[in-house]
Number of protein chains: 2
Amino acid sequence: MKRPTIADIARRAGVSKGAVSYALNGQPGVSEATRQRIVAIAQEIGFNPNSAARALSGARARAVGLTLNRPARILGIEPWFMGLISGFESELSSRSYGLTLQVVGSEEQEIEVYRRWWGERRIDGVIVTDLREDDIRIPVLQQLQLPAVIIGGPGETGDIPQLWSDDAGAITEAVRYLVALGHRRIARVGGLPGLLHTQARTRAFEQVTTALGLVEAVTVPSDYTGEEGGRATRRLLIEADRPTAIIYDNDVMAVAGLAVAQEMGLSVPGDLSIVAWDDSPLCSLVHPPLTALTRDIAEYGAHAVRQLLAAIDGKELGSIEAGAAHLTPRGSTAPPR
Amino acid sequence: MKRPTIADIARRAGVSKGAVSYALNGQPGVSEATRQRIVAIAQEIGFNPNSAARALSGARARAVGLTLNRPARILGIEPWFMGLISGFESELSSRSYGLTLQVVGSEEQEIEVYRRWWGERRIDGVIVTDLREDDIRIPVLQQLQLPAVIIGGPGETGDIPQLWSDDAGAITEAVRYLVALGHRRIARVGGLPGLLHTQARTRAFEQVTTALGLVEAVTVPSDYTGEEGGRATRRLLIEADRPTAIIYDNDVMAVAGLAVAQEMGLSVPGDLSIVAWDDSPLCSLVHPPLTALTRDIAEYGAHAVRQLLAAIDGKELGSIEAGAAHLTPRGSTAPPR
DNA sequence: AGAGTCTACTGAACCGGGTAAGTTGCTGAG
DNA sequence: CTCAGCAACTTACCCGGTTCAGTAGACTCT
């Protein structure tokens, strides 16, 4: 089956290629009657503009890129990325932009992918996650002048727009809630310590626990995986004065922590209360269902795409703070026995 | 920063554009000395061929497409798709192909996406999942002559190559194992009944349970979500002669089933044994860890991509049966009390 | 020596859109 | 009547690769 081109439409409409292009793109230069005739023909023969030809002349690829820097076995179970992707899509598909994905193994590889995408003109912009201190990806993006939006932070990103949420406020709410229930020994199992949003959470956790006079409110660094989250939990629970509540930096570690508690014969929430960061179906799936810090990840992703498309169009929206996560109490939190 | 083109290389090397193209693509027509000089210059200035220009002349977009037909909230937690994607990537990135993703809401929408991708020449082929009986996507793919590989089945797909695994063998192994442990009342919570591989599993489950003389070995249809899986489990466990073992068609439903059992005060594996289909970190995350039917999903995906790239190159590999899943016993199965 | 062959290129067309510049034909003002 | 001005086009070139049809020069063969 041959793909229809604007030349086919032009022939059938008895006009030139240029007129067809003007008509289909809503540009002035054709009469309303001709435009409607051309649009009707395009509809009829099922015309879709060749994206390569368009990209070649218009310099717009109509696609954005996303790299996933996580080992394969974690990706599958991390609801976070898929939630983001769904959010991206909802915004992209309505403007008929594509999403190009690439799994990478390191930040260096990620940079290589950005360079290649840029050189190939494959994408118009990228969405960057996992912002770090002195992030080595930022100077590359600036040098390439590749439109980008960074999710995570806040941090120093030069003129690259960011999107972050008020993690400090959320964690403060969670700690206050646990204290109100009567907990005094609260611990936290953190995400990758190198990430800026993890650091922001750690600082906020320290501040609020100090302010409330909680002793031994430690953060155990971890890496978002179930294995590490479980190990960290075990280390916390074998202490003589073990915590009565643990806040986890993601849902996967929280579920792993729940399993460790059960394995050690502790009842949740009787002996241990659990709060997960980032609500996902996973939290409602287990027994007891987990109290979580909920935020709309898909909406978060959609927001990032809107910022990116604006940047691509040359309209800088600047950095934006999205709504903070809020506490969704479920069965995993209760007053300590 | 200006993107380097072959014209830049040609100027610096003192040859024509054509010679540069031959040199970089390993075509005959340039001397070895010239080729090395050109490659060195390309390296030095960081040249990447413009993918649009390439697609426009060579008719190869160097990208493959994947649609995800699941509601957003399920996608995040279904390790299956992300596992597949990781597998795709490992094979695609080594040949510097891209992966274009699109979330869709229905098969009709999925077909629209295929038509658009084809018209736009955005991709060279697609990977199709969730094969159904009399699948309406197949005639469209054939009409468009869009190279494709179908994951799932086996079923009638005309000349479109398929990739499937021996689900019948795997489920037979699981049932035999449970019977060997002493179980006589075994139930199954199935996936979406419309999918061909679900039907194959259902038939095989019926056959093996009949052959072993198990009465009341029912399959409760479900939809792969935790909610539905939990509901189906509850329905099974309130029966007077409730099953002592349940096989679930995916890991998410199995975890939900475990939670329901715990919520009803049943011990796993004491009162109820659980087997999950498709092993993922999720199965090892919960307590007790779930016995699962393990297969290498990433390898499965990589295999599909190899088939697809062969089809794109005009070399039909035909339909292939991948290795069957095998049983990984963990703490969720034991002899019934 | 002259014809034929081969290597190593060059030049130009081509892919399918976008768009600046040019060309009509018509209207209306002076 | 003439000419400016405008709408409604057409023409032609551009994007950056690939590829086919030459062609110059070296080399071989008789």
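What follows is a short exchange about a predicted model of two protein chains and two DNA strands.

Biologist: How many helices and strands does chain A have?

Modeller: The C-alpha trace of chain A spans about 85 × 40 × 30 Å along its principal axes. Among its contacts between residues at least 6 apart in sequence, 70% join residues at least 24 apart. The count for chain A is 14 helices and twelve strands.

Biologist: What percentage of chain A is buried?

Modeller: A residue is buried if 20 or more other C-beta atoms lie within 10 Å of its own. Chain A has 337 residues, and the buried share is 51%.

Biologist: Which residues come closest to DNA strand C?

Modeller: DNA strand C is surrounded by 26 residues. By class they are ten nonpolar, 13 polar and three charged. Helices H2 (17–24) and H4 (51–58) of chain A, with H2 (17–24) and H4 (51–58) of chain B, each give two or more residues to this surface. The closest are Gly18(A), Ser57(A), Ser16(B), Gly18(B) and Ser31(B).

Biologist: Which element gives the largest share of the surface near DNA strand D?

Modeller: Of the 26 residues around DNA strand D, the nearest are Ser16(A), Gly18(A), Ser31(A), Gly18(B) and Ser57(B). H2 and H4 of chain A and H2 and H4 of chain B each give two or more residues. The classes are nine nonpolar, 13 polar and four charged. The largest share is five residues, from H4(B).

Biologist: Which element of chain A gives the most to the side that touches chain B?

Modeller: The contact takes 54 residues from chain A and 53 from chain B. Several elements of chain A supply at least two residues each, including helix H6 (79–94), strand S2 (98–103) and helix H7 (107–120). By class, this side of chain A has 27 nonpolar, 18 polar and nine charged residues. The top contributor, with seven residues, is H6(A).

Biologist: Which residue stands opposite Thr100(A) in S2(B)?

Modeller: S2(A) and strand S2 (residues 98–103) of chain B run antiparallel, joined by three bridges. In S2(B), the residue opposite Thr100(A) is Thr100(B).

Biologist: Why is S2(A) described as largely enclosed?

Modeller: S2(A) also pairs within its own chain: six bridges join it to strand S1 (residues 63–68) of chain A, and the two run parallel. One of these pairings sets Ala63(A) against Gly98(A). S2(A) is largely enclosed by the rest of the structure because its buried residues number five of the six.

Biologist: Is Ser96(A) buried or exposed?

Modeller: Ser96(A) lies in the loop between H6 and S2 of chain A. Its phi is positive, about 50°, although it is not a glycine. It has 11 other C-beta atoms within 10 Å, and the cut-off is 12 or fewer, so Ser96(A) is exposed.

Biologist: Is Tyr224(A) buried or exposed?

Modeller: Tyr224(A) is another residue other than glycine with a positive phi, near 75°. Its place is the loop between strand S7 (219–220) and helix H11 (226–237) of chain A. With 22 other C-beta atoms within 10 Å, Tyr224(A) is buried.

Biologist: What distance separates the C-alpha atoms of Ile171(A) and Phe205(A)?

Modeller: Ile171(A) is in helix H9 (residues 167–181) of chain A. It counts as buried because it has 27 C-beta neighbours inside 10 Å. Leaving out residues up to four places away in sequence, it touches Arg201(A), Ala204(A), Phe205(A) and Ile247(A). Ile171(A) and Phe205(A) are 34 residues apart along the chain, and their C-alpha atoms are separated by 6.5 Å.

Biologist: Which residues of chain A does Val255(B) touch?

Modeller: The largest nonpolar core has 186 residues. Val255(B) is among the members that touch the most others, along with Ile127(A), Val255(A) and Ile127(B). Not counting residues up to four places away in sequence, Val255(B) touches Gly226(B), Leu282(B) and Val286(B) in chain B. In chain A, it touches Leu285(A) and Val286(A).

Biologist: Where does the cis peptide bond to Pro288(B) lie?

Modeller: One cis peptide bond joins Val268(B) and Pro269(B), with omega about 10°. Pro269(B) is in the loop between helix H12 (251–263) and strand S9 (273–277) of chain B. The bond from His287(B) to Pro288(B) is also cis, with omega near -5°. Pro288(B) sits in the loop between helix H13 (281–285) and strand S10 (291–294) of chain B.

Key: Residues numbered from 1 in each chain as written. Chains lettered and ligands numbered in written order. Predicted model: local features only at pLDDT ≥ 70, side-chain atom pairs only at ≥ 80, totals over all residues. Near = placed C-beta within 6 Å. Helix = DSSP H or I, 4+ residues; strand = E, 2+ residues; numbered from the N terminus. Nonpolar A, V, L, I, M, F, W, Y, C, P; charged D, E, K, R; others polar. Contact = placed C-beta atoms within 7 Å. Core = buried A, V, L, I, M, F, W, Y, C linked by C-beta atoms within 7 Å. Pairing = 2+ DSSP bridges.
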